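Let's take a walk through a protein together. Have the sequence and the 3D view ready, and follow along as we go.

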Amino acid sequence: MRRTAIIGALSLACVPAVLAATHSGRDAIVEARQASMKEMAAAAKTIAGMFDGKRAYDAAAFKAAAEALRARAGPTLIAEFPGASLGAPSSAKLEINQARPEFEALARHIGRLTDALAAKAEQAPAHISDEMRMGAGLAMDGGSLLGKRRGASEPDPAKLPAEHLLHLILQDCSSCHSKFRQKVE
């Protein structure tokens, strides 16, 4: 009886420490995820600036930014959203858990697009070429798994120009944020 009481008292004494460690671990996950999202946004902004002419094109910077996107997409992106880290105070909605297959499919799609962009950046010429440009006639709609029209075929990312890949990546990011991100005040 006394032994049970001592174990119970020790267990209760450990609860605050366990809760603090859990909270601290959750905070670390959220902070790492936020840093990763900021890196992805900065990399996308760098590439977009080059294509928009707001930033000087630099093949090495293009390659580094494309690699930063590739490194944080796909399975890495999925791993940054464990169930226990969702909801307030994080911006990640709890709905990620309820729609986990959809969320993961979108993250994998972004991964395929960033893989293709990084491969193109690996071979980037010294100046932006016409082959890198999106050009007329390439449709933007239907690139996202969240907003894709039924029966629409998915083009091979490896065959798309780098600028178009960037637009599809940004479209997928917007789709994901609109469905799975909440504004935190």
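**A guided walk**

Let's start at Arg55, which counts as partly exposed because its relative accessibility is 42%. You'll find Arg55 in the loop between H1 and H2. Leaving out neighbours within four places in sequence, Arg55 is in contact with Thr46, Gly49 and Met50. Look for Lys45 as well: Arg55 and Lys45 are 10 residues apart in sequence, and their C-alpha atoms are 9.6 Å apart in space.

Now zoom out. What you're looking at is a predicted model, and the protein has 185 residues, with 36% of them buried. How many helices and strands are there? The secondary structure comes to 6 helices and 0 strands, so reading from the N terminus you simply get α-α-α-α-α-α. Much of the contact pattern links distant parts of the sequence: of the contacts with a separation of 6 or more, 79% are between residues 24 or more positions apart.

Since this is a prediction, it's worth asking how confident it is. The average pLDDT of the protein is 85, and 77% of the residues score at least 70. Where is confidence lowest, and where is it highest? The lowest mean, 73, belongs to helix H1 (residues 2-52), while helix H2 (residues 59-72) has the highest, at 98. Have a look at residues 5-22 too: pLDDT stays under 50 there, and the model gives that stretch 0 contacts beyond four places in sequence.

Further along H1, things look rather different from Arg55. Ala43 is in helix H1, and is it buried or exposed? Ala43 is buried, because its relative accessible area is 5% and the cut-off for buried is under 20%. Not counting neighbours within four places in sequence, Ala43 touches Ala65, Ala68 and Leu69. Take Leu69 from that list: Ala43 and Leu69 are 26 residues apart along the chain, but their C-alpha atoms are separated by 6.5 Å.

Leu69 also brings us to the next stop, the largest nonpolar core. This core has 40 residues, and the ones with the most contacts inside it are Ile47, Phe51, Phe62, Leu69, Phe81, Ile96 and Leu117. Which elements give two or more residues to it? They are H1, H2, helix H3 (75-79), H5 and H6. H5 gives the most, with 9 residues. There's a general idea to keep in mind here: in soluble globular proteins, nonpolar side chains tend to be buried together.

Pick out Phe62 to see some of those contacts up close. Leaving aside residues up to four places away in sequence, Phe62 touches Ile47, Met50, Phe51, Tyr57, Leu117, Ala121, Ala124, Met132 and Ala162. Two of these names, Ile47 and Phe51, you've already met in the core, and Met50 was a contact of Arg55.

Now move to helix H6, where Leu168 sits. Leu168 counts as buried because its relative accessible area is 4%. Thr114 is 54 residues away from Leu168 along the chain, yet the two C-alpha atoms are separated by 9.6 Å.

Next, turn to the space the atoms leave open. In general, rolling a probe the size of a water molecule over the atoms shows where empty space is left. Here, the largest pocket holds about 590 Å³ of space. It is lined by 24 residues, and the closest to its centre are Met37, Lys38, Phe81, His177 and Arg181. You may recognise Phe81 from the core. H1, helix H5 (100-122) and helix H6 (162-180) each supply at least two residues of the lining. What is the lining like by class? It has 16 nonpolar, 5 polar and 3 charged residues.

One last stop is the stretch between H3 and helix H4 (95-98). Pro89 is in this loop, and a cis peptide bond joins Ala88 and Pro89, with omega at about 5°. As a general point, most peptide bonds are trans. Carry on to Glu95, in helix H4, which is partly exposed because its relative accessible area is 37%. Glu95 and Gly83 are 12 residues apart along the chain, and 9.8 Å separates their C-alpha atoms.

Technical notes:
Residues are numbered from 1 along each chain as its sequence is written. This is a predicted model: local features need pLDDT of at least 70, side-chain atom pairs count only at pLDDT 80 or more; totals for chains, interfaces and linings use all residues. Side-chain values use heavy atoms; hydrogens and water are left out. pLDDT is the predictor's confidence in each residue, from 0 to 100. Helices (H or I, at least four residues) and strands (E, at least two) are DSSP runs, numbered from the N terminus. Contact means heavy atoms within 4.5 Å. On a 1 Å grid over the protein atoms alone, a cavity is a set of points where a 1.4 Å probe fits but cannot get out, and a pocket is an open set with protein on both sides within 12 Å along at least five of seven lines; lining residues have an atom within 4 Å of a point. Grid points are joined across faces, edges and corners, and a volume is the space filled by probe spheres set on the points. Ala, Val, Leu, Ile, Met, Phe, Trp, Tyr, Cys and Pro count as nonpolar, Asp, Glu, Lys and Arg as charged, and the others, Gly among them, as polar. A nonpolar core is a set of buried Ala, Val, Leu, Ile, Met, Phe, Trp, Tyr and Cys residues joined through side-chain atoms within 4.5 Å. Buried means under 20% relative accessible area, exposed over 50%, partly exposed in between (1.4 Å probe, protein chains only).
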